[in-house]
Amino acid sequence: MAITTNDIKNGMALNLPEGLFQIVDFQHVKPGKGGAFVRTTLKNVRTGAVLDRTFRAGEKVDQAVIDKRDMNFLYRDGSEFVFMDNASYDQMNVPPTSLGDSANYIVEGSTVQLAMYNDEIVGVELPASVELTVRDTEPGIQGDRVSGARKPATLETGLVVQVPLFIEAGERIKVDTRTGEYLARA
């Protein structure tokens, strides 16, 4: 769908020759001399690379419609993740490369929002924090409560995070999905 640069808004997706981009910021500029133009900051939806691009005012660009669907993670089938659409109940096999680092925070029964463009997954939106079970960590020793001391813990998804010394194997903890850091006991 072609739109003019006068119609662009933050968050809108554009299909440019360089790839699929989302508008992070834009500014209409009308200099005293010469024609008006639109200065934009674009983020590549697939790679996350940021690009500054200037368009002439009124220039036509292709708008990309990105469909965001709530999907429930059912189980792993070999290396692939099997999701079910919460609206249509259709099942979809997703390779781990499409999920990126988000695969470290997805457990069976969790709901995530998948951004789709022409049946291709271009993004995953997770909640700010998730609860995961500690699968393996060194045992804590009584009296070993030094403030700020940390030890590595392997979680049920295979993710390794630094946790306080008092956390034991089998406990549930909250992990920040943006930074990958321990937040609290669940």
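## Close-up views of a predicted model

**View 1. An open sheet built from five strands.** Here 5 strands line up in the order S14-S13-S12-S15-S16, giving an open sheet with antiparallel pairing. Strand S14 (160–164) and strand S16 (182–185) are the edge strands, and each of them pairs on one side only. Going from one strand to the next, the twist averages 50°. Keep in mind that this is a predicted model. If sheets are new to you, here's the basic idea: the strands of a sheet pair through backbone hydrogen bonds, and they can do so in a parallel or an antiparallel way.

**View 2. Strand S12 and its partners.** Let's zoom in on the same sheet, where S12 sits between S13 and S15 in the order. How many bridges join S12 to S15? Strand S12 (residues 129–137) and strand S15 (residues 172–176) run antiparallel and are joined by 5 bridges. To find your way along this pair, look for Ser129, which stands opposite Asp176 in S15. S12 is also joined to strand S13 (residues 150–155), again running antiparallel, by 3 bridges. On that side, Asp136 stands opposite Thr154 in S13.

**View 3. From S13 out to the edge.** Strands S13 and S14 pair over 5 bridges in the antiparallel sense. Which residue of S14 is the bridge partner of Ala153? That's Val161. Once you reach S14 you're at an edge strand, pairing on one side only.

**View 4. Another open sheet, with six strands.** This one has 6 strands in the order S1-S6-S2-S3-S4-S5, and the pairing is antiparallel. Why do S1 and S5 each have one side without a neighbour in the sheet? Strand S1 (2–4) and strand S5 (50–56) stand at the edges with a single partner strand each, so one side of each has no neighbour there. The twist from one strand to the next averages 50°. When you follow any sheet by eye, it helps to know that side chains in a regular strand alternate between the two faces of the sheet.

**View 5. The hairpin of S4 and S5.** Strand S4 (residues 37–44) pairs with S5 over 7 bridges, in the antiparallel sense. You can spot Arg39 by its bridge partner in S5, which is Thr54. Thr40, meanwhile, stands opposite Arg53 in S5. The hairpin has 5 residues between the strands, and Gly48 takes a positive phi near 85° in this hairpin.

**View 6. The largest pocket.** How much volume does the largest pocket have? It comes to about 720 Å³. The lining is made of 28 residues, and the ones nearest the centre are Lys43, Val45, Val122, Gly123 and Val124. S4, helix H1 (96–99) and strand S11 (120–125) are the elements that give two or more residues to this lining. S11 provides the largest share, with 6 residues. Sort the lining residues by type and you get 11 nonpolar, 10 polar and 7 charged.

**View 7. Three phenylalanines in a cluster.** There are 2 aromatic pairs in the structure. One is formed by Phe73 and Phe81: the pair is tilted, with 5.2 Å centre to centre and 50° between the planes. Are Phe73 and Phe81 buried or exposed? Both are buried. Phe73 also forms a tilted pair with Phe83, at 5.5 Å centre to centre and 50° between the planes. Phe73 belongs to strand S7 (residues 67–77) and Phe83 to strand S8 (residues 80–85), so this pair ties together parts that are 10 residues apart in sequence. Phe83 is buried as well. Put together, the ring pairs link Phe73, Phe81 and Phe83 into a cluster.

**View 8. Two loop residues with a positive phi.** Some background before you look: most residues other than glycine have a negative phi. Tyr89 isn't a glycine, yet its phi is positive, at about 65°. Where does Tyr89 sit? You'll find Tyr89 in the loop between S8 and strand S9 (91–94). With 58% relative accessibility, Tyr89 counts as exposed. Asp119 also has a positive phi without being a glycine, with a value near 60°. Its place is in the loop between strand S10 (111–117) and S11. Asp119 counts as exposed too, at 68% relative accessibility.

Key. Residues numbered from 1 in each chain as written. Predicted model: local features only at pLDDT ≥ 70, side-chain atom pairs only at ≥ 80, totals over all residues. Heavy atoms only, no water. Pairing = 2+ DSSP bridges. Helix = DSSP H or I, 4+ residues; strand = E, 2+ residues; numbered from the N terminus. Axes fitted to C-alpha atoms, helices over the stretch in contact; angles between N-to-C directions. 1 Å grid on protein atoms, 1.4 Å probe; cavity = no way out; pocket = protein on both sides within 12 Å on 5 of 7 lines; lining within 4 Å. Points joined across faces, edges and corners; volume = space filled by probe spheres on them. Nonpolar A, V, L, I, M, F, W, Y, C, P; charged D, E, K, R; others polar. Phe/Tyr/Trp six-rings, centres within 6.5 Å; stacked < 30°, edge-to-face > 60°. Buried < 20%, exposed > 50% of the residue type's maximum accessible area, 1.4 Å probe, protein only.
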